[in-house]
Amino acid sequence: MALHEGAADDRRLTVSPFIGAADPLGSMELAPPVHRLAQGPVPADSAYQLIHDELMLDGNAKLNLATFVTTSMEAQATRLMTECLDKNMIDKDEYPQTAELERRCVAILADLWHAPDPSSSIGCSTTGSSEACMLAGLALKRRWMARNAERYAAGARPNLVMGVNVQVCWEKFCTFWEVEARTAPMEGERYHLGAEQAVSLCDEDTIGVVAILGSTFDGSYEPVAEICAALDGLQDRTGLDVPVHVDGASGGMVAPFLDPDLPWDFRLPRVSSINTSGHKYGLVYPGVGWALWRDKEALPEELVFRVNYLGGEMPTFALNFSRPGAEVIAQYYTFLRLGHDGFRAVQQASRDVALYLSGAVEALGCFRLLTRGDELPVFAFTTTGDVPFDVFDVSRRLRERGWQVPAYSFPANRTDLAVLRVVCRNGFSRDLADLLLADLTRLLPELRSQPGPLKDLGVPARTAFHH
Ligand SMILES: Cc1ncc(COP(=O)(O)O)c(C=O)c1O
C-alpha cells in the first residue's frame, strides 16, 4: 500500500444527470466530496460509473511491458475467482477445500523444484514474493540465532549476502528485521551476483546468501549452482555452513519448464528455501506467492503459529492473518489446466517473443542488448554511444503510443549505465511485439534528429517503475 499524506481539499465529484439511473434530477444534486465521506449514499450505478470512468486513466495492462505480473487469465479462471471472492484464506476450517487446494499447490511446487522428499517439505502461500522472502529471511535469521545464541546475546549482528541487483523486498527484509544487507556491487559486464563475490562477503554472522532466478534488472539467472559450489568450498576451508535461499520470483515458474537440466533448486543440497510469485510466471492475477522449505529443519518451529480460534488447529506461517483465497484457487486452476506440457508451451511462447523482439531491436542499429530474453523472457538494452537520444527519451516517446517500457539507471558500480527493459509475458503476442517494433522504428528518425538527450537539455529524465 502506498503511503498517502492527507489531502483535505474540498473537491467534489460531479455526477452527470444521465448516470443517475432512475432519477436524473436527484443526481444533479449529487456531488460527493472526494476526500471526505459524503453524508449520505450514492446510488450503486452512479458510484460504479464514477469510479469506472476515473479508472480509464490507468494504463492499458497489456501494453505494460514493465510489469512481471499477470495481466490476462482465461474466462474460466476469472469465473472461479469471482465465485471465491468471499473466501478468506486463513479460515481453513470454514473453507477446508480451499486449504486442500493450497496444500496441493505446495506439493506440486515441491515436486517441480525437486524437494528430496516432497512429503516432508513444507511451504505456504503468501500475498506475493515479498512476503515469501520475508518469511524465508526470518527462517534463515532464526536458524543463525539458534546456532550462534551466545554470540548473538553478546551483540553479534547477523548479515545477509546478495547482489546489489536484489529486488527491494530484500532491502525491506534487512531493514525491518535488523539484518545487515551485504550487497555485492555490479562490475563491468557482470550485472548480478557471482560466486566469488558471494563467498568473499560471507563470515560467521552470515545468515544466508540470496541467489536470484532471475534478476529484476535484466532477466538474467544468477549462477545458483556455482554459488552453492563456492560455498561448499568455503565450508571445506573454514567450517562455515552458509545456506542459500533462491529468490525465484519469476524464474521459479520458468526454469522448471524451459531449463529442466539447470540445477538451481532443491537438487542443490545447499538450497534451503525457495520463493516464487504465483502472480508472475505462475500466470495468476495478483496477489499470490509461495515459500517452500527443503524440510522441517529449514523452518524453525517457533515461527509457526498454531491458530485454533476459528474452529480447528492449523499451523500457519504468514505476516497477514486474513487474505483472499481466490488467487490460491486460481493457482491450482493454472496447474490443473496446463499441466507440464501446457506450462512449457506458454513459457516457451513468451521466450520466443522475447528472443524475436530483442533480435529485432538489436537489428535497428542504435541499441545494445545486455540480455536477449533467453533466461527469463525479459531483456534489457541501452543506446549505442553515438546517438543523440538516451533510454529515457525512448521510454517517454513510446509512452505517447501507450507502451510502458521502463527506463532506469543501474546501481553501484554501474550507475553510469541506464537501460530499457521489456518483460514478455503471457498475452504479449508476437503480433503485439510487431506493433511495438513498428512504433519504435517510426520514432527513430525523430529521436535521431534531436539535438541531444533531453535530460542534457534540462528536461528531467523520468525513471519509470520497474520492479
Ligand atoms: C526477484 C524478485 N524478487 C521479489 C520480487 C517481489 O515480488 P512480489 O511483487 O511478488 O512481492 C520481485 C518482483 O518483481 C522480483 O523480481
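This report describes the domains, the surroundings of the ligand, three helix packings and some backbone details of one protein chain. The structure is a predicted model, and every value given below is computed from it.

**Domains**

The protein is divided into domain 1, which covers residues 17-58, domain 2, which covers residues 78-335, and domain 3, which covers residues 349-457. When the centres are taken over C-alpha atoms, those of domain 1 and domain 2 are separated by 44 Å.

**Around the ligand**

There are 15 residues around the ligand, and of these Gly128, Ser129, Ser130, Gln167 and Ala249 come nearest. Sorted by class, this shell has 9 polar residues, 5 nonpolar residues and 1 charged residue. Which helix gives the largest share of the shell around the ligand? Helix α5, made of residues 129-147, does so with 3 residues.

**Three pairs of packed helices**

The table sets out how the helices of each pair lie relative to one another, and the text after it takes the pairs in turn.

| Helix pair | Angle between axes | Axis separation |
|---|---|---|
| α4 (residues 96-112) and α11 (residues 326-363) | about 50 degrees | 9 Å |
| α5 (residues 129-147) and α7 (residues 168-176) | roughly 40 degrees | within 9 Å |
| α12 (residues 391-399) and α13 (residues 430-448) | roughly 125 degrees | within 10 Å |

Helices α5 and α7, whose axes cross at roughly 40 degrees, are therefore oblique to each other, and their crossing is right-handed. On the α5 side the contact is made by Ser129, Ser130, Cys133, Met134 and Gly137, while Cys169, Trp170 and Phe173 make it on the α7 side. This contact has 5 nonpolar and 3 polar residues, with no charged residues. Ser129 and Ser130 thus appear in two parts of this description, since they belong to the contact of α5 with α7 and are also named among the residues that come nearest to the ligand.

For helices α4 and α11, the angle of about 50 degrees between them is the reason why α4 is described as oblique to α11. Helix α4 passes α11 in a left-handed crossing. The residues of α4 that make the contact are Thr98, Leu101, Glu102, Arg104, Cys105 and Ile108, and they are joined by Val328, Ile329, Gln331, Tyr332 and Phe335 of α11. By class, 7 residues in the contact of α4 with α11 are nonpolar, 2 are polar and 2 are charged.

The axes of α12 and α13 cross at roughly 125 degrees, an angle which means that α12 is oblique to α13. The crossing of these two helices is right-handed. Here Asp393, Val394, Arg397 and Leu398 in α12 meet Asp439, Leu440, Leu443 and Leu447 in α13. The contact of α12 with α13 has 5 nonpolar and 3 charged residues, and no polar residues.

**Backbone details in the loops**

Where in the chain is Gly214 placed? Gly214 is in the loop between strand β4 (206-212) and helix α9 (224-238), and the peptide bond that leads to Gly214 from Leu213 is cis, with omega near -10 degrees. A cis peptide bond also joins Ala412 and Asn413, with an omega of about -5 degrees, and Asn413 is found in the loop between the strands β12 (407-409) and β13 (418-423).

Glu178 shows another backbone detail, for although Glu178 is not a glycine, its phi is positive, at about 55 degrees. The place of Glu178 is in the loop between α7 and strand β3 (180-184).

Notes. Residues are numbered from 1 along each chain as its sequence is written. This is a predicted model: local features need pLDDT of at least 70, side-chain atom pairs count only at pLDDT 80 or more; totals for chains, interfaces and linings use all residues. Axes are lines fitted to C-alpha atoms, for helices over the stretch in contact, and angles run from 0 to 180 degrees between N-to-C directions. Helices (H or I, at least four residues) and strands (E, at least two) are DSSP runs, numbered from the N terminus. Angles under 35 degrees count as roughly parallel, over 145 as roughly antiparallel, 65 to 115 as roughly perpendicular and the rest as oblique. A crossing is left-handed if the near helix is turned anticlockwise from the far one by less than a right angle, and right-handed if clockwise. Two residues are in contact if their C-beta atoms, placed from the backbone, lie within 7 Å. Ala, Val, Leu, Ile, Met, Phe, Trp, Tyr, Cys and Pro count as nonpolar, Asp, Glu, Lys and Arg as charged, and the others, Gly among them, as polar. Domain bounds come from an automatic or database domain assignment. A residue is near a molecule or strand if its C-beta atom, placed from the backbone, lies within 6 Å of it.
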